[in-house]
Amino acid sequence: MNIPLVDLKIQYQNIKQEIDQAIAEVIDSCKFINGPGIEEFENDFAKFLGAKHAIGVSNGTDAICLALMALGIKAGDEIITTPLTFIASVEPFILLGIKPVFADINEKTYSIDEDKIKAKITPKTKAIMPVHLYGNPVNIDSISQIAKDHNLFLIEDAAQAQGAEYNGQKAGTLGDVACFSFFPGKNLGAYGDAGAITTNNDSFAEKIKKLKNHGRQEKYTHDIVGTNSRLDTIQAAILKVKLKYLKQWNNSRRQIAEKYKEKLSTCGQITFPEETIKAKSIYHQFVIRVPNRDKVLEKLKELNIGAGIHYPIPLHLQPALKFLNHKQGDFPNAEKASKEILSLPMFPELTDEQINYITENLTKIINEN
Ligand SMILES: Cc1ncc(COP(=O)(O)O)c(C=O)c1O
């Protein structure tokens with residue numbers, strides 16, 4: 001059996017007619033840039049989340065960059081975030097001259113440890129940016145209290161959390177501004193690059209709308225220096241179709257996660273990140289922690305079971321961020337996790353037969369190790 005980490009083909013086959021029609025309509029209209037479908041998707045996504053504004057942008061990395069620019073965070077400022085995430089979380093900081101200040105992860109959830117944030121606050125700190133890693137929302141109650149107490153912005157990196165909830169409220173509505181990626185493998189994925197920013201703040205929304213479109217108010221009147229980070233109209237049309245299925249897909253992922261946990265709990269040597277209290281994860285990734293991870297990964301690959309590592313090198317040890325002068329041991333929980341975590345195949349269409357194949361083989365591999 002060949003089981004990929006994510007199966008985008010099967011999902012496309014199930015909704016092919018609707019998707020093909022949506023794409024054809026954009027091409028027929030020839031309204032490729034800022035077409036009407038963008039606002040339609042933005043309205044649907046805002047409604048789905050319960051956010052006042054959703055602004056479509058070109059990708060999740062640009063979403064973070066534009067959010068920082070709209071908040072007025074600039075060179076010399078600091079933002080506190082997690083070392084266990086994709087590098088795109090902090091690339092925009094570096095490009096804008098903002099210093100990422102890491103706080104180690106919580107050993108149970110693998111997200112930023114709220115108890116380690118306060119010690120990282122300095123007079124230069126302007127924001128806290130937690131990442132809802134693997135689709136599991138962070139403990140927002142504690143983090144937003146710290147942000148309020150210290151007059152800091154709360155930015156959600158919600159790239160992996162479309163539809164995840166905390167205390168019944170959707171990720172993307174829990175801070176001042178939130179950044180989404182619609183990279184194809186995400187729970188809500190485009191057929192190319194795409195992203196969005198959500199906020200309940202009217203003036204941030206206005207600024208982001210200008211920034212993503214050359215700072216313009218009218219075609220050739222540019223109020224501020226912006227950039228071109230617009231959402232593509234074809235991608236918006238695809239996302240509008242796929243958004244209708246997101247709730248159902250996220251529910252399937254939760255059911256699959258339950259099946260995985262039930263079948264793997266008998267193994268004894270596997271542990272799982274915990275869902276944050278009050279949170280409803282959407283299992284963007286299904287992550288386990290195993291002894292001899294690299295060997296296990298190799299054997300899974302030999303069996304054509306797609307597995308991955310999210311992420312093998314924590315950000316503070318990335319060669320590109322060497323200039324931050326971190327060393328091994330600075331964030332021990334993130335370092336230990338990055339050596340032991342493994343992501344198993346996870347997509348809404350994963351069948352019971354596939355789950356059984358994966359869990360039976362994995363149990364065998366671990367017991368033989
Ligand atoms: C946590 C996180 N932040 C930011 C991004 C950046 O999104 P994009 O790839 O759409 O630029 C990603 C995407 O992989 C991500 O997983």
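**Close-up views of a predicted model**

**View 1. The ligand and its polar partners.** Let us start at glycine 60, where a polar backbone atom sits 2.8 Å from an oxygen atom of the ligand. Such a polar contact is a pair of N or O atoms within 3.5 Å; within protein, one must be able to donate a hydrogen and the other to accept it, and residues adjacent in sequence count only if both atoms are side-chain atoms. This is a predicted model, in which local features need pLDDT of at least 70 and side-chain atom pairs count only at pLDDT 80 or more, while totals for chains, interfaces and linings use all residues. Residues are numbered from 1 along each chain as its sequence is written, and side-chain values use heavy atoms, leaving out hydrogens and water. Serine 181 offers a side-chain N or O atom 2.7 Å from a ligand oxygen, and lysine 186 has a side-chain N or O atom 2.8 Å from an oxygen of the ligand. The ligand taken alone exposes 390 Å², and the protein buries 93% of that (Shrake-Rupley accessible areas with a 1.4 Å probe; for residues, only the protein chains shown count as cover).

**View 2. The ligand's surroundings.** Here you can look for the 14 residues that surround the ligand, each with a heavy atom within 4 Å of it. The closest are Gly60, Thr61, Asp157, Ser181 and Lys186.

**View 3. Strand E8, enclosed.** Strand E8 covers residues 177-181, and 5 of its 5 residues are buried, so the strand is largely enclosed by the rest of the structure. Buried means under 20% relative accessible area, exposed over 50%, and partly exposed in between (1.4 Å probe, protein chains only). Helices (H or I, at least four residues) and strands (E, at least two) are DSSP runs numbered from the N terminus. Val177, Cys179 and Ser181 lie on one covered face of E8, with Ala178 and Phe180 on the other.

**View 4. The neighbours of E8.** Strand E5 (residues 153-157) runs parallel to E8, joined by 3 bridges, and isoleucine 155 stands opposite valine 177. Strand E9 (residues 195-199) pairs with E8 in the antiparallel sense over 4 bridges, with cysteine 179 opposite isoleucine 197. Two strands pair if DSSP finds at least two bridges between them.

**View 5. Glutamine 235 in helix H7.** Glutamine 235 belongs to helix H7 (residues 233-243) and counts as buried at 10% relative accessibility. Leaving aside residues up to four places away in sequence, glutamine 235 touches Ala190, Tyr191, Gly192, Asp193 and Ala194 (contact means heavy atoms within 4.5 Å).
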